[in-house]
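Grab a pencil and work through a few short exercises on cysteines and strands. Try each task before you read the solution under it.

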Amino acid sequence: MYRQLREEKVFKDPVHNYVHVQDEIIWSLINTSEFQRLRRIRQLGTSYLTFHGAEHSRFSHSLGVYEITRRIISQFERANYADWPREEGMVALCAALLHDLGHGPFSHSVEQAFQMHHEDWTCRILLGDTEVRSVLRRMGDDFPDKVAAVIRKDYEQPIVVNLVSSPLDADRMDYLLRDAYFTGVNYGTIDMDRILRMLRPYKGRIVVKDSGMHAVEDYLMSRYQMYWQIYFHPVTRSSEIILRQIFKRAKALYEQGHRFKFLPEPLPSLFNRTMTVQDYLQLDEALVQTAFMQWRKETDELLGELCSRFIDRKLYKYVEMDSLDMETIEEIRAAFDKAGLNPEYDLEIDFPTDLPYDVFRPDGEGREKQLLLLDRQERLREISEVSDIVRSISGLQRGKFHLYFPDDKVLAVIDDLPREIAELFVEQH
């Protein structure tokens, strides 16, 4: 049942100034244990080891996405646009607030380590025996399923999905602004007020009035710069690699029957893939970092070394290469093995397109991946058709291969490596 709060609640926010909560269901959702857990999950994973201000949480980002969505819906309703289904407003607001509910510690790094997807866990939490589901059911028994359908992107009203997940959605607008603010860069400072004024509901999706094209160009340029300067940062990638290697080693030891000195729940269920929703909700960064602190004293030297590197920020160094083929990779691995190094843990090859972020591509999968402009004759055009700026950066690949390695260990055996391979790893010095 829908009810408004007697008195509006507000959160002071460094990005949006204030986050306004007027509905009882939104206030109740914020106060569930599942949503409060997001305070203990950093928005940018291990980026705090590169940008020391990047300590903001999934909690604050989720509030920001909700606030942007609230503003868009309020604008649509004030203008009384016929293409906006007013009855879907609360579904959209709840989906915006809860879209990241299933993120685990260090976000995408843990997803990659255990082949998990936070959207799947979000839906399991929404539909499981949780406080969140109990609150959502106040709107009707089928309401949790509606919100989960938005998260899965198969909701019967695509325009609602568009608000939360599209090339120009509330999620992206908030994380660009918020991540730029907390990392201390200027790339993400977009004119969000102008963009929001130019948004229109049109035939089942969100489009942009063509007079707002320049503000959208600026948004896409900011997004491009943020991906390459923040999200694809090679030092952050180094910390993510070590994080994944810690989990890889710990999981291997668990499967071998290693007797850990410290192995708190729910880590065993994470390793053997038997996690329930209640197990998953126990996972946060405080628990994981506590485990890492204790694992530094484990009898397995490799696990202890990896944990110490992560905790003390003794990250892997890297060298850049314009191209790299499988034959060269195998030669390097063989040389490492012969010199007494462990190529499974002492060498990682990375290319930025492997990351869970994507730059804007106008020729993406279907029209839902396109950013459409609406002219006065109500014709839709993909933005790259009319913008030279967008066309010049769309899908541009400017990444290089990076070879990551523990420089102290590699330099200790540098004389045992073939000259042509040794030269790759001493160039940086």
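Two strands count as paired if DSSP finds at least two bridges between them. Keep in mind that this is a predicted model.

**Exercise 1. How many bridges join β3 to β4, and which way do the two strands run?**

Start with the count: four bridges link β3 to β4, the strand at residues 205-209. Next, the direction: the two run antiparallel. For one pair of residues, look at Arg200, whose bridge partner in β4 is Val207. Now add the helix: α3 (residues 58-79) packs on the sheet and touches both β3 and β4. The direction of α3 makes about 65 degrees with that of β3.

**Exercise 2. Work out which strands stand at the edges of the open sheet.**

First write down the order, β3-β4-β7-β8, with mixed pairing among these four strands. Then look at the ends: β3 (199-202) and β8 (380-382) each have a single partner strand, so one side of each has no neighbour in the sheet. Finally, the twist: neighbouring strands here are turned by 45 degrees against each other on average, direction ignored.

**Exercise 3. How many disulfides does the structure hold?**

Begin with the cut-off: the two cysteine sulfur atoms must be within 2.5 Å. The structure holds zero disulfides. Take Cys94 as a check: the nearest cysteine sulfur belongs to Cys123 and is 14 Å away.

**Exercise 4. Is Cys94 buried or exposed?**

Buried means under 20% relative accessible area. Cys94 has 0% relative accessibility, so Cys94 counts as buried. Run the same step on Cys307: at 0% relative accessibility, Cys307 counts as buried too.

Note on methods: Residues are numbered from 1 along each chain as its sequence is written. This is a predicted model: local features need pLDDT of at least 70, side-chain atom pairs count only at pLDDT 80 or more; totals for chains, interfaces and linings use all residues. Side-chain values use heavy atoms; hydrogens and water are left out. Buried means under 20% relative accessible area, exposed over 50%, partly exposed in between (1.4 Å probe, protein chains only). Axes are lines fitted to C-alpha atoms, for helices over the stretch in contact, and angles run from 0 to 180 degrees between N-to-C directions. Contact means heavy atoms within 4.5 Å.
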